[in-house]
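Here is a set of short questions and answers on one chain. Look at the fold before reading on.

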Amino acid sequence: MKQILIWLVRLYQRFISPLTPPSCRYRPTCSSYMIQALEKHGIKGFLMGLARIFRCHPFVEGGEDPVPEYFSLKRNSEKKPFR
């Protein structure tokens with residue numbers, strides 16, 4: 001199941017994402033975050049990726065938000081702005 005979800009995200013990255021302007025407010029991008037979360041946390045990583053997508057909107061500051069070592073639906077507590 002994990003590999004299927006990763007494959008679907010990679011399809012999105014390759015065929016759908018290039019058709020839209022870059023708009024992700026976080027680094028790594030939301031799709032890269034989803035793949036990293038799936039690889040690190042398995043199916044729970046899918047929930048982490050969905051939570052990240054819901055956090056990505058025009059009213060958020062954004063910045064660095066790497067996948068945490070432990071499962072959490074919240075943003076990392078360390079705030080690191082883009083450089």
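Q: How far apart, N to O, are the side chains of Arg55 and Asp65 in their salt bridge?
A: This is a predicted model, in which local features need pLDDT of at least 70, side-chain atom pairs count only at pLDDT 80 or more, and totals for chains, interfaces and linings use all residues. Residues are numbered from 1 along each chain as its sequence is written, and side-chain values use heavy atoms, with hydrogens and water left out. A salt bridge is a side-chain nitrogen of Lys or Arg within 4 Å of a carboxyl oxygen of Asp or Glu. For Arg55 and Asp65, the N to O value is 2.9 Å.

Q: Which parts of the chain does the pair Arg55 and Asp65 tie together?
A: The two residues are 10 apart in sequence. Helices (H or I, at least four residues) and strands (E, at least two) are DSSP runs, numbered from the N terminus. Arg55 lies in one part and Asp65 in the other, so the pair ties together helix α3 and the segment after β2.

Q: Which residues do salt bridges that share partners join into one network?
A: Asp65 also forms a salt bridge with Arg52, with the closest N and O atoms 3.7 Å apart. Asp65 thus has two partners, Arg52 and Arg55. The network joins Arg52, Arg55 and Asp65.

Q: Is Asp65 buried or exposed?
A: Buried means under 20% relative accessible area, exposed over 50%, and partly exposed in between (1.4 Å probe, protein chains only). Arg52 has 0% and counts as buried; Arg55 has 16% and is buried. Asp65, at 0%, counts as buried.

Q: Which residue forms a salt bridge with Glu64?
A: The closest N and O atoms of the pair are 3.6 Å apart. Glu64 sits in strand β2 (residues 63-64), and its partner, 37 residues away, in strand β1 (residues 26-27). Glu64 is partly exposed at 24%, and the partner counts as partly exposed at 39%. That partner is Arg27.

Q: How is α2 oriented relative to α3, roughly parallel or roughly antiparallel?
A: Axes are lines fitted to C-alpha atoms, for helices over the stretch in contact, and angles run from 0 to 180 degrees between N-to-C directions. The axes of α2 (residues 30-41) and α3 come within 7 Å and cross at roughly 155°. Angles under 35 degrees count as roughly parallel, over 145 as roughly antiparallel, 65 to 115 as roughly perpendicular and the rest as oblique. That makes α2 and α3 roughly antiparallel.

Q: At roughly what angle do the axes of α1 and α2 cross?
A: Helix α1 spans residues 2-16, and its axis comes within 10 Å of that of α2. The pair is roughly antiparallel. The crossing angle is roughly 165°.
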